[in-house]
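Student: I have a structure open and would like to go through it piece by piece. Can you take my questions as they come?

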Amino acid sequence: QVQLVESGGGLVQAGGSLRLSCAASGRYAMGWFRQAPGKEREFVAAINWAGTRTEYADSLKGRFTISREKARNTMYLQMNSLQPDDTAIYYCAAKAAWGIVTTATEYNYWGQGTQVTVSS
């Protein structure tokens, strides 16, 4: 069993930036998902265990960057040029796998979520 601990959410003005963190020890493929009020959970970004491959939702490419620091067992999501449509609860997810995982149903472990609110 792995515990995922997210941090870094908050309130930011449109055009601002936030960096989310998710701490997890072990060899896991990891990803970020988000869920806005009244909407389904959607894929944001994913990274393989080695940190050598990444995938992004098409609509977020260029603004969001996923990375991981294995020495600290931590994954990050750098979010730039934030817009009100980015307002959501952001979830960290992990799966004991070497490759990259982009589908929510494939993940075994989930964090509690961190709220990101972007004001206009």
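**Working through the strands**

Tutor: Residues 24 or more positions apart account for 59% of the contacts in the protein with a separation of 6 or more, where contact means heavy atoms within 4.5 Å. The model is predicted, so to speak of local features takes a pLDDT of at least 70, side-chain atom pairs count only at pLDDT 80 or more, and totals for chains, interfaces and linings use all residues. Residues are numbered from 1 along each chain as its sequence is written, and side-chain values use heavy atoms, with hydrogens and water left out.

Student: How many helices and strands are there in the protein?

Tutor: Zero helices and eleven strands. Helices (H or I, at least four residues) and strands (E, at least two) are DSSP runs, numbered from the N terminus.

Student: And is the protein as compact as a globular one of that length, or not?

Tutor: The radius of gyration is 13 Å, close to the 14 Å that the globule rule gives for 120 residues, so the protein is as compact as a globular protein of that length. That radius is taken over C-alpha atoms, and the rule is 2.2 Å times the number of residues to the power 0.38. Along the principal axes, the C-alpha atoms fill a box of roughly 40 × 25 × 25 Å.

Student: What percentage of the residues count as buried?

Tutor: Of the 120 residues, 47% do. Buried means under 20% relative accessible area, exposed over 50%, and partly exposed in between (1.4 Å probe, protein chains only).

Student: Let's pick a strand. Is E8 mostly covered or uncovered?

Tutor: E8, residues 74-79, is mostly covered, with five of its six residues buried.

Student: Which strands does E8 pair with?

Tutor: E3 (residues 18-23) is joined to E8 by six bridges, running antiparallel. E7 (residues 64-69) is also joined to E8 by six bridges and runs antiparallel to it. Two strands pair if DSSP finds at least two bridges between them.

Student: Which residues face Met79 in E8?

Tutor: Leu18 stands opposite Met79, and Phe64 stands opposite Met79 as well.

Student: What lies between E7 and E8?

Tutor: The two strands form a hairpin with four residues between them, and Asn73 in the turn has a positive phi of about 50°.

Student: What sign does phi usually have?

Tutor: Most residues other than glycine have a negative phi. Ser81 also has a positive value, with phi near 50°. Ser81 sits in the loop between E8 and E9 (88-95) and is partly exposed, at a relative accessible area of 38%.

Student: Back to E8. What does Thr74 touch?

Tutor: Thr74 belongs to strand E8 and is buried, with a relative accessible area of 12%. Leaving out residues up to four places away in sequence, Thr74 touches Ser21, Cys22, Ala23, Ser67, Arg68 and Glu69.

Student: Now E9. Why is E9 called largely enclosed?

Tutor: Six of the eight residues of E9 are buried, so E9 is largely enclosed by the rest of the structure.

Student: What are the partners of E9?

Tutor: E4 pairs with E9 in the antiparallel sense over seven bridges, and Met30 stands opposite Ala94 there. E11 (residues 114-119) is joined to E9 by three bridges, antiparallel, with Ile89 opposite Gln115. E10 (residues 109-110) is joined to E9 by two bridges, antiparallel; the partner of Ala94 in E10 is Tyr109.

Student: Where is Tyr28?

Tutor: Tyr28 is in the loop between E3 and E4 (29-35). Tyr28 is buried, with a relative accessible area of 13%. Beyond residues up to four places away in sequence, Tyr28 touches several residues, including Val2, Trp49, Ala94 and Tyr109. Tyr28 and Ala50 are 22 residues apart in sequence and 8.9 Å apart in space, C-alpha to C-alpha.

Student: One last residue. How far apart are Val12 and Ser119?

Tutor: Their C-alpha atoms are separated by 6.3 Å, with the two positions 107 residues apart along the chain. Val12 lies in strand E2 (residues 10-13) and is buried, at 12% relative accessible area. Apart from neighbours within four places in sequence, the contacts of Val12 include Leu18, Leu82 and Ser119.
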